[in-house]
Each structure stands twice: as structure tokens, then as C-alpha cells.
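Biologist: I have a model open and would like to learn how to read it feature by feature. Please give the general idea, then the case at hand.

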Amino acid sequence: MPETLAVPPFSARIVERLSVGAASRRERVIHSLDGLEEPVHPNALATTGASLWRCLQEQVPDGLGSMDFLLGLDAGGILPTVSLAGAAKLPYKIAWKLHLPLDGAVRFTEPHAMRTDVFAYGIAPGQRMVLVDDEITTGRTLADLTLRLREAGAVPLAAVCLVEDTLRGARERLTDLGMPLVSLTTIEGAA
């Protein structure tokens with residue numbers, strides 16, 4: 001009989017970032033999938049992906065239609081994208097901070113980062129996707145990505161994140177764009 005592993009519930013908290021420049025955020029959301037404090041068991045990744053998929057289906061039931069792929073943001077967004085793709089049985093793409101000579105490039109910005117330019121490649125008119133990141137604070141990055149994708153003729157359907165900081169207006173910013181935001185958990189960061 002295989003051993004059943006108990007997966008602890010998803011958790012997140014805010015910590016102060018040390019040695020950061022004036023343009024960078026002073027805090028960082030850390031969570032139970034990032035592997036910073038504890039090793040992450042693969043079952044936790046699968047369980048979190050299944051929870052994200054369930055939340056997405058419940059909160060945006062009519063707006064998903066047929067999706068072409070998930071579009072995750074590099075670094076923090078990779079793990080939630082892979083976990084969601086596994087649960088939903090959907091392909092994924094990752095937007096990278098790499099400027100490459102590839103077709104279908106969509107450039108957007110991550111204003112609070114050291115390197116602000118991010119690129120999604122292989123984007124074509126009519127493609128339908130869900131945007132995925134690990135955490136959302138102000139919503140500026142996902143809002144800019146939404147606008148740039150629409151300019152390219154693509155159809156972003158919703159944004160999904162593991163952790164939403166409820167004090168910085170991200171949900172309102174995306175709602176103003178007609179973009180649903182689905183978060184696995186919320187946290188109240190510093191205003």
C-alpha cells in the first residue's frame with residue numbers, strides 16, 4: 001500500500017527585503033511553494049495546482065471558454081504556472097526578461113523590478129490565455145501585460161495568483177480593465 005503524504009495547507013507571509021535599491025519594493029511575499037524556508041514536496045505542487053484550477057473554474061465559470069494556454073511570468077510565476085497546467089491539463093508559456101529575436105514578441109513592464117522589461121513570445125491574434133503569477137501587489141505588471149496582449153490581438157481571459165496583497169489596489173486595477181483576478185489566498189501588506 002503506498003504511503004499517503006499529508007500536504008500542509010498553502011501559506012504565505014510578508015518579509016522585509018534586505019539590501020535593495022531605492023526603486024525596488026522593500027518587502028517580499030514568501031510562500032510555501034517557493035522553497036525559501038522549507039523543502040517543497042511534489043505533492044504540494046500538485047495540490048496547489050488543483051486548488052488554483054478549482055478556484056479559477058468557480059470564479060470565472062463562463063469567461064474561460066476554450067483556452068489556448070497559460071502564460072506565466074518568469075521567476076515567481078513559473079511554479080504556479082506549471083502546477084496549474086498539470087491540474088488543468090493545459091499547455092503553458094513563460095514570459096521572460098530576455099529580449100530575443102523571436103516571432104510574436106509582446107513587451108511589457110514590471111515596474112518594481114531591477115530589470116523592468118519582460119517579453120512574451122509566440123503571441124498571435126485570437127489566442128486565448130490565462131495569466132499566472134505567484135503574487136500580486138499593485139497589479140501594474142499584469143495590467144500592462146493585459147493591455148499589450150490586447151494590442152497584439154490576443155485575448156487574456158483572467159489573471160491567477162497564489163497570493164494577493166489586498167491593500168495596494170491590484171484587484172481594482174484589473175477589474176477596471178475587465179480582467180477577473182483569482183487568488184488562492186490573500187494577505188494584507190503594508191500600504
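The dialogue below goes through the sheet, the helices, some single residues and a cavity.

Modeller: Keep in mind that this is a predicted model.

Biologist: Start with the sheet. In what order do the five strands lie, and is the pairing parallel or antiparallel?

Modeller: In general, strands of a sheet pair through backbone hydrogen bonds, either parallel or antiparallel. Here five strands form an open sheet in the order 4-3-7-8-9, and the pairing is parallel. Strand 4 (92–95) and strand 9 (181–187) are the edge strands, each pairing on one side only. Direction ignored, neighbouring strands of this sheet are turned by 20 degrees against each other on average.

Biologist: Over how many bridges do strand 7 and strand 8 pair?

Modeller: Strand 7 (residues 128–136) and strand 8 (residues 155–165) pair in the parallel sense over eight bridges. To find the register on screen, take Val130, whose bridge partner in strand 8 is Ala158.

Biologist: Which strands does helix 3 touch?

Modeller: Helix 3 packs on the sheet and touches strand 3, strand 7 and strand 8. The direction of helix 3 makes about 165 degrees with that of strand 7. Helix 2 (residues 78–88) lies across strand 3 (69–73), strand 4, strand 7 and strand 8. Helix 2 runs at about 170 degrees to strand 4.

Biologist: Now single residues. Is Asp144 buried or exposed?

Modeller: Asp144 sits in helix 3 (residues 140–151). Asp144 counts as buried because its relative accessibility is 14%, and buried means under 20%. Beyond its neighbours within four places in sequence, Asp144 is in contact with Phe108 and Thr109.

Biologist: And Ile30: what is it in contact with, leaving aside its neighbours within four places in sequence?

Modeller: Ile30 lies in strand 2 (residues 27–31). With a relative accessible area of 7%, Ile30 is buried. Leaving aside neighbours within four places in sequence, Ile30 is in contact with Ser11, Ala12, Arg13, Val15, Leu36 and Glu37. Take Arg13 from that list: Arg13 and Ile30 are 17 residues apart along the chain, and their C-alpha atoms are separated by 5.6 Å.

Biologist: How should I read backbone angles? Which phi does Ala75 have?

Modeller: Most residues other than glycine have a negative phi. Ala75 has a positive phi of about 65 degrees, although it is not a glycine. The loop between strand 3 and helix 2 holds Ala75, and Ala75 counts as exposed at 60% relative accessibility.

Biologist: Where is Lys89, and what is its phi?

Modeller: Lys89 is in the loop between helix 2 and strand 4. Lys89 also is not a glycine, and its phi is positive, about 60 degrees. Lys89 is exposed, with a relative accessible area of 70%.

Biologist: Last, empty space. How many cavities of 30 Å³ or more are there?

Modeller: Rolling a probe the size of a water molecule over the atoms shows where empty space is left. The count here comes to one cavity of 30 Å³ or more, with a volume of about 30 Å³.

Biologist: Which residues line this cavity?

Modeller: The lining consists of Arg25, Glu27, Arg28, Val29, Glu135, Thr137 and Asp165. By class, one of these residues is nonpolar, one is polar and five are charged. Strand 2 gives the most to the lining, with three residues.

Note on methods: Residues are numbered from 1 along each chain as its sequence is written. This is a predicted model: local features need pLDDT of at least 70, side-chain atom pairs count only at pLDDT 80 or more; totals for chains, interfaces and linings use all residues. Side-chain values use heavy atoms; hydrogens and water are left out. Helices (H or I, at least four residues) and strands (E, at least two) are DSSP runs, numbered from the N terminus. Buried means under 20% relative accessible area, exposed over 50%, partly exposed in between (1.4 Å probe, protein chains only). Contact means heavy atoms within 4.5 Å. On a 1 Å grid over the protein atoms alone, a cavity is a set of points where a 1.4 Å probe fits but cannot get out, and a pocket is an open set with protein on both sides within 12 Å along at least five of seven lines; lining residues have an atom within 4 Å of a point. Grid points are joined across faces, edges and corners, and a volume is the space filled by probe spheres set on the points. Ala, Val, Leu, Ile, Met, Phe, Trp, Tyr, Cys and Pro count as nonpolar, Asp, Glu, Lys and Arg as charged, and the others, Gly among them, as polar. Two strands pair if DSSP finds at least two bridges between them. Axes are lines fitted to C-alpha atoms, for helices over the stretch in contact, and angles run from 0 to 180 degrees between N-to-C directions.
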